[in-house]
Amino acid sequence: MKAVRFTAWKTFPTIEEVARPKPGPGEVLLKIAGAGACHSDVAIFEQFDENMGAQLAPSYTLGHENSGWVEELGEGVTGIELGDAYLSYGPIGCGQCPACSRGQDTYCHNAAQQPYLATGLGRDGGMAEYMTVPARNLVPLGDADPVAAAPLSDAGLTPYHAIKLSLPKLAGGGKTALVIGLGGLGQMAVQILTAITGAKVYATDMKPEAMAEAERAGAITVASGDDQVARIRELTGGQGVDAVFDFVGISPTIKLAQQVVRRQGRITVVGVAGGPTSWDFFSNPYEAELTNTYWGTIEELYEVVALYRAGKLSPNVTRYTMDQALDAYRDLHDGKLSGRAVVTPHA
Ligand SMILES: [Zn+2]
Ligand SMILES: [Zn+2]
């Protein structure tokens, strides 16, 4: 079968012919419906090096947001029907520690002893015709379109987790949220905020088409510029924003968040660009929290799928065939995408 392989640090991936995998005990073989291309993949093959550790070291098949149909059951797997469509939860921890027991493999207590982080992150992922995955990681999609669903397992789940942790700041009337950065995750954040909170949603990005898409999803956009902070303060009655979500994470975007968050508000940095910021007693409003989040839990992925099946989330997806998979990464790298690139190996 064909697979998109990450073969060496700082090396663009290649499409290779590899053997179709066999599901081990407790695993299933998934016939891939969709595999989303993520900015983290670009960081992995372009920026990262040996210092990232053995868990992410090449070589393996990329793709950590995947959906598909069950093709084969490994030993001991019950309660799963061949041919049914599932979304795959990417992270794979030990499965038994307190964090994994609540479905939060991202914070597995035994992560240091695991051979990889997730499907597509150290372990063979979904940018291939088939992928094996523990049955525990499958979330049923029912009759929903599995191709458009693929990005939900990262581009949907990651903002959902961040927003869920901020709900105490957004409950009640007259609350406000700001989404900084309207790529795949930021657009999903606008849809999730609109679906599960009553907050007024503001959004900003450098690209006019991304701003237009966020407006169609119900956001009020605020273009960047010297007076951006003043305009956001004015829009929020001088108070500032209750919950800010930064999907970029460079120094200027974190600074913007610090300047517009309100007293007792919350800033969540989700983007991994890694810009430094400074903090001192007077740099942020009183009791304003500044935190980060990473991916989400299996239970939250069930909630994301429920929103998708209810028609509240509609990922903007651009489809690529297996032979075009490298173009998906090129287009992502060159900033040519407005939605999420999804590779569909069996289309
Ligand atoms: Zn990702
Ligand atoms: Zn664990």
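Entry 1, cavities. I searched the whole of this predicted model for enclosed space and found one cavity of 30 Å³ or more, a cavity being a set of points, on a 1 Å grid over the protein atoms alone, where a 1.4 Å probe fits but cannot get out. I noted its volume as about 70 Å³, taken as the space filled by probe spheres set on the points, which are joined across faces, edges and corners.

Entry 2, lining. I listed 13 lining residues (those with an atom within 4 Å of a point), of which G184, Q187, M188, P315 and N316 lie nearest the centre of the cavity. Helix α5 (residues 184-196) gives the most to this lining, with four residues; helices here are DSSP runs of H or I with at least four residues, strands E runs of at least two. Domain 1 (2-154 + 296-343) and domain 2 (157-292) both contribute lining residues, so I place the cavity between them, with bounds from an automatic or database domain assignment.

Entry 3, zinc. For the zinc ion (ligand 1) I found the protein donors C38 (SG), H64 (NE2) and D154 (OD) at 1.7 to 2.2 Å, donors being N, O and S atoms within 2.8 Å of the metal (3.2 Å for Na, K and Ca), with water not among the atoms. I counted C38 as buried at 4% relative accessibility and H64 as buried at 2%, buried meaning under 20% relative accessible area (1.4 Å probe, protein chains only).

Entry 4, conventions. Residues are numbered from 1 along each chain as its sequence is written, while chains are lettered from A and ligands numbered from 1 in the order in which they are written. Local features need pLDDT of at least 70 and side-chain atom pairs count only at pLDDT 80 or more, whereas totals for chains, interfaces and linings use all residues, and side-chain values use heavy atoms, with hydrogens and water left out.

Key: Buried means under 20% relative accessible area, exposed over 50%, partly exposed in between (1.4 Å probe, protein chains only). On a 1 Å grid over the protein atoms alone, a cavity is a set of points where a 1.4 Å probe fits but cannot get out, and a pocket is an open set with protein on both sides within 12 Å along at least five of seven lines; lining residues have an atom within 4 Å of a point.
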